[in-house]
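User: Please take a close look at how the pieces of this chain pack against one another, and follow one packing contact down to its individual residues. I'd like the reasoning along with the numbers.

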Amino acid sequence: MNPGLLLLVRRGAWAKLRFLARRARTLKGGLAIGAGVVFLAAIVATQFWGAALSRQEGKAPPTPEEVLAYLPAILLVVTLLGALSGRSLYFTRPEVDFLFPAPVGRRELLVYSLLARLDIQVLSGLWTALFVLNFAPVAAAAALALVLAFVFMYTTAQALALAAAAAEPWLPRHARRLIALGLAAAALAVVASAVAAAPPGAELGERVARVVRHPLVRGASVVTRPFAELFVAATWGGALLWTAASLGVIAAEVGLMLAFDVAYTERSLAVSRRVHERLRRMRSGGSTLGAAPSLRRVRLPALPFLGAAEPLARRQALELARTPKVLLPPVIMGAIWLTAILVGAGAGEAEAASAATTAIVVGIVFPVLFTAHVGFDFRRDLDRMPLLKSLPLRPFAVAVGQVFTVAVVFAVLQLAMAAGVA
């Protein structure tokens with residue numbers, strides 16, 4: 001690999017650490033980092049509390065056999081969904097401007113992309129491990145399994161994108177669409193046949209188990225089984241064995257990617273443009289879904305209690321009402337989180353209390369995680385900041401008018417989550 005690219009990888013990782021160190025020295029950054037540490041501690045404490053309550057009630061965690069029955073299929077589905085997210089073969093704008101014209105090979109750029117984004121996969125795996133370590137015999141092995149699983153998901157997305165780039169010159173667009181529709185129809189047929197094979201009156205869990213035990217599903221999920229085996233490894237010897245197997249799967253996948261010199265730069269440029277456009281919309285108050293404001297007429301109630309801040313608040317509310325799709329990511333993710341937390345709770349009173357506590361903690365941090373999708377506040381008016389400063393209003397009134405709409409939206413979502421817990 002080119003020494004300059006290796007230097008960029010090392011300097012990029014060091015730059016992120018320096019950024020965190022500089023931010024920690026400021027009041028705002030120190031408070032944000034402290035809040036993050038408190039949140040992580042609360043999540044870990046909640047998980048251990050739930051595990052202790054389960055032991056008191058005599059409820060055993062899922063057995064390794066149960067985990068192995070479901071986890072490979074779950075990893076396979078999540079991997080395919082990640083590959084369809086549209087962010088494969090993505091390079092940042094500086095990388096496109098300076099690395100694409102540089103005298104480096106496409107394979108070297110691909111390896112650079114994998115290494116430069118490795119920290120994201122590691123942090124994602126560790127974050128996910130906070131919620132599932134209670135189900136693993138060895139916590140360290142489970143955390144390593146999830147980290148390697150996220151690396152596998154990322155490399156699989158890149159590999160499938162390379163395969164699509166290699167197939168584009170040989171297959172017309174309508175043929176690619178027919179193949180995609182055929183694969184989707186085959187997947188639906190497998191699910192439908194497995195569900196239909198369940199006995200009448202079977203519960204949802206039995207129908208899901210039928211799908212997971214389908215021969216085609218089990219055959220396709222063989223590639224993700226080493227990560228599941230590592231997750232449930234009860235001894236250090238078994239953990240080392242399945243770690244080697246998991247690394248072997250990732251190495252084989254990367255080797256296949258590098259074996260074919262695919263001209264992916266044009267496809268990567270198109271993907272990078274789409275991602276940059278999404279980021280631009282997010283910074284200006286848009287959504288990652290690419291929602292554009294409509295011109296339909298919207299009637300909003302008066303907000304006289306805001307006083308001088310009312311015109312600014314009504315303007316932000318009007319723009320949000322004309323772009324309702326921006327609310328889909330927080331609403332969908334909030335519903336998924338709440339459903340997963342409550343469905344995973346047992347029937348005991350202590351387990352229900354633990355699940356409610358977890359849901360409340362998630363609801364508290366929910367605005368912190370998803371306000372980027374609903375940026376109808378100062379972020380949308382960065383270019384209009386001189387105009388906002390010139391208004392005959394007090395700074396407090398300007399601030400209230402700018403943030404009122406987003407604050408109300410997330411307050412309503414938090415109340416809805418609290419109602420679901422109740």
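Analyst: In this predicted model, helix α5 (residues 106-116) and helix α7 (residues 139-167) have axes that come within 11 Å and cross at roughly 150°. Angles over 145 degrees count as roughly antiparallel, so α5 is roughly antiparallel to α7. The crossing of α5 and α7 is right-handed. On the α5 side, L110, S113 and L114 make the contact, and they meet Y154, T155, Q158 and L162 of α7. Sorted by class, the residues of the contact of α5 with α7 are four nonpolar and three polar, with no charged ones.

Helix α7 has another partner to look at. Helix α6 (residues 118-132) packs against α7 with the axes 8 Å apart, at an angle of about 135°. That angle makes α6 and α7 oblique to each other. Here too there is a handedness to note: α6 passes α7 in a right-handed crossing. From α6, the contact draws on L118, Q121, V122, S124, G125, L126, T128, A129 and V132, while α7 supplies A143, L146, V147, F150, V151 and Y154. The contact of α6 with α7 has 11 nonpolar and four polar residues, and no charged ones. Y154 is worth picking out, as Y154 of α7 takes part in the contact with α5 and also in the contact with α6.

α5 and α7 turn up again as cover for a further helix. Helix α12 (residues 236-259) has 24 residues, and the distance from its first C-alpha to its last is 34 Å, close to the 34 Å expected at 1.5 Å a residue. Its buried residues are A239, T243, S246, I250, E253, V254 and M257. What covers them includes α5, α7 and α11 (225-231).

Now for the contact to follow down to single residues, which belongs to α14. Helix α14 (residues 310-321) has 12 residues, which at 1.5 Å a residue should span 16 Å; its end C-alpha atoms are 16 Å apart, so the two values agree. The buried residues of α14 are E310, L312, A313, Q316, A317, E319 and L320. Among the elements that cover those residues are α17 (385-390) and α18 (395-421).

α14 and α18 have axes 7 Å apart and pack at an angle of about 35°, and α14 passes α18 in a right-handed crossing. L312, A313, R315, Q316, A317 and L320 form the α14 side of this contact, and V398, G401, Q402, F404, T405 and V409 form the α18 side. The class count for the contact of α14 with α18 is seven nonpolar, four polar and one charged residues.

Two residues of α14 show what this looks like up close. A313, in helix α14, has a relative accessible area of 0%, so A313 is buried. Leaving aside neighbours within four places in sequence, A313 is in contact with L303, L306, G401, F404 and T405. A313 and T405 are 92 residues apart in sequence, yet their C-alpha atoms are 6.2 Å apart in space.

Q316 also sits in helix α14. Q316 is buried because its relative accessible area is 0%, and residues under 20% count as buried. Apart from residues up to four places away in sequence, Q316 touches F376, D377, R380, D381, G401, Q402 and T405.

One of these partners, D377, lies in the loop between α16 (349-370) and α17. With a relative accessible area of 10%, D377 is buried. D377 touches Q316, Q402, V403 and V406, again not counting residues up to four places away in sequence. Q402 therefore appears as a contact of D377 and as a contact of Q316.

To place these contacts in the whole chain: the protein has 18 helices and zero strands, and 35% of its 422 residues count as buried. Among contacts with a separation of 6 or more, 78% are between residues 24 or more positions apart. A220, found in helix α10 (residues 215-220), gives another long-range example: its C-alpha atom is separated by 7.8 Å from that of L76, 144 residues away along the chain. A220 has a relative accessible area of 41%, so A220 is partly exposed.

Definitions and conventions
Residues numbered from 1 in each chain as written. Predicted model: local features only at pLDDT ≥ 70, side-chain atom pairs only at ≥ 80, totals over all residues. Heavy atoms only, no water. Helix = DSSP H or I, 4+ residues; strand = E, 2+ residues; numbered from the N terminus. Buried < 20%, exposed > 50% of the residue type's maximum accessible area, 1.4 Å probe, protein only. Contact = heavy atoms within 4.5 Å. Expected span 1.5 Å × (residues − 1). Axes fitted to C-alpha atoms, helices over the stretch in contact; angles between N-to-C directions. Parallel < 35°, antiparallel > 145°, perpendicular 65-115°, else oblique. Left-handed = near helix turned anticlockwise from the far one by under 90°. Nonpolar A, V, L, I, M, F, W, Y, C, P; charged D, E, K, R; others polar.
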